[in-house]
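Colleague: Could you take me through one part of this model closely, with the backbone and side-chain details that matter to a computational chemist? Please begin with the surface as a whole and then zoom in.

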Amino acid sequence: MASIVQRALRPRGLAALQRSSSSLCSSLPRSISARTASSGRSKSSKSAAISTAGASSWLTAAAATATAAAAAAVFVRRGEVECSSADQEELRQLQRLWEALEYLRPGEKEMRERWVKEEEGWYRLPPRAWPTRQPKADDIPALREELLAKRCPSVPSKGMAEGCFPLTFDLATALVFTATDGPGGLKLYRALAAAGDLEALVAVGVILIEGLVGPRNHEEGVQCLRTAADAGSAQAQFELGTLLYAGGADLEEDEEGAFKLFQQAAAQKHRDGMFMVADCLLEGVGVKRDLAAAVPLLHASAVLGHRGARQHLRQLLDGKWMGFEGASGPAKITM
């Protein structure tokens with residue numbers, strides 16, 4: 001029997017799931033089967049979600065150990081009213097999910113075709129999802145010349161022209177992430193951060209946590225992310241959320257705290273933040289599971305090019321959602 005819906009936070013217990021409604025069972029749109037898990041989401045699944053969301057590479061190593069999830073099957077068949085171990089809320093979740101997906105059906109064919117065309121060149125994407133602009137080492141001389149032409153100071157300051165900030169940020173990015181001059185790039189990032197550039201402060205935090213320039217410094221790196229997140233940086237909220245989600249950079253795992261940070265980033269239309277909110281809603285990690293609420297967030301993130309969101313939506317629309325546990329495992333949602 002195909003499986004559906006892994007409950008990822010806590011086991012509900014079979015006794016609690018015995019409460020079912022025959023009228024609700026018979027109203028479901030198709031033959032549906034369900035699966036509820038008796039353990040939390042696996043570390044490998046968290047790592048996969050974070051990786052597709054574009055978080056920094058250090059999180060993958062922090063979430064490397066997989067744990068297995070035992071499950072109890074739940075069966076629902078339209079017309080037969082066979083609701084073993086399923087309560088009314090479980091069934092309402094499935095019905096609302098079905099209805100949410102129906103809104104996407106009219107434009108589904110065009111959407112899928114557009115994604116195929118857009119993804120043809122994705123093999124050329126940089127290994128990191130952030131910073132958004134990632135100049136190559138060959139671009140460094142041109143960036144320096146443009147900075148000189150705009151009379152930007154060699155050491156960034158609050159009083160410099162507004163156009164100097166993105167140029168200096170790009171130069172710092174090229175110096176650090178192409179390993180051309182890591183210390184020089186970090187120095188520029190720090191000067192930009194001191195001048196009030198929040199994204200530069202995020203970059204300093206990522207560099208220190210990953211140890212891209214010198215030894216790792218989790219304490220200072222996390223503080224940089226917290227400061228930027230508190231000041232409203234969506235990228236910082238997302239990065240700090242991934243740390244709490246997987247328990248990275250010496251932080252204790254805090255799924256609820258991570259979800260709140262993802263929500264803050266998503267509220268600013270942050271592509272990866274929207275995906276992580278949706279993924280948590282599907283899995284029930286850090287928040288009460290709400291399958292239908294995940295659909296518009298997945299769509300918004302997919303429109304902005306998020307590969308994991310597109311994968312989730314394709315699977316849901318195809319009626320077989322696997323999540324990130326791997327194609328060889330049981331489907332979490334089958335409709």
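Modeller: Happily! The protein exposes about 15,500 Å², and carbon and sulfur atoms supply 51% of that area; accessible areas come from the Shrake-Rupley method with a 1.4 Å probe, and for residues only the protein chains shown count as cover. This is a predicted model, in which local features need pLDDT of at least 70 and side-chain atom pairs count only at pLDDT 80 or more, while totals for chains, interfaces and linings use all residues. Residues are numbered from 1 along each chain as its sequence is written, and side-chain values use heavy atoms, with hydrogens and water left out.

Of the 335 residues, 50% are buried, where buried means under 20% relative accessible area, exposed over 50% and partly exposed in between (1.4 Å probe, protein chains only). The secondary structure comes to 16 helices and four strands; these are DSSP runs numbered from the N terminus, with helices being H or I of at least four residues and strands E of at least two.

Now to the part I'd zoom in on: the loop between helix 7 and helix 8. The structure holds one disulfide, meaning a pair of cysteine sulfur atoms within 2.5 Å, and this one joins C152 to C164 with an S to S distance of 2.0 Å. C152 lies in the loop between helix 7 (140-149) and helix 8 (164-177) and C164 in helix 8, so the pair ties together parts that are 12 residues apart in sequence. The link is left-handed, with -85° about the S-S bond, and both C152 and C164 are buried.

R151 lies in that loop as well. At 77% relative accessibility, R151 counts as exposed. Its backbone deserves a look too: R151 has a positive phi of about 55° although it is not a glycine. Most residues other than glycine have a negative phi, and most peptide bonds are trans.

Two other backbone spots go well with this one. A249, in the loop between helix 12 (234-246) and helix 13 (255-267), also has a positive phi, near 55°. A249 is buried, with a relative accessible area of 12%. In the loop between helix 6 and helix 7 you will find P131, joined to W130 by a cis peptide bond with omega about 0°.

Finally, two cysteines to check while you have the model open: C224 is buried at a relative accessible area of 9%, and C280 is buried at 0%.
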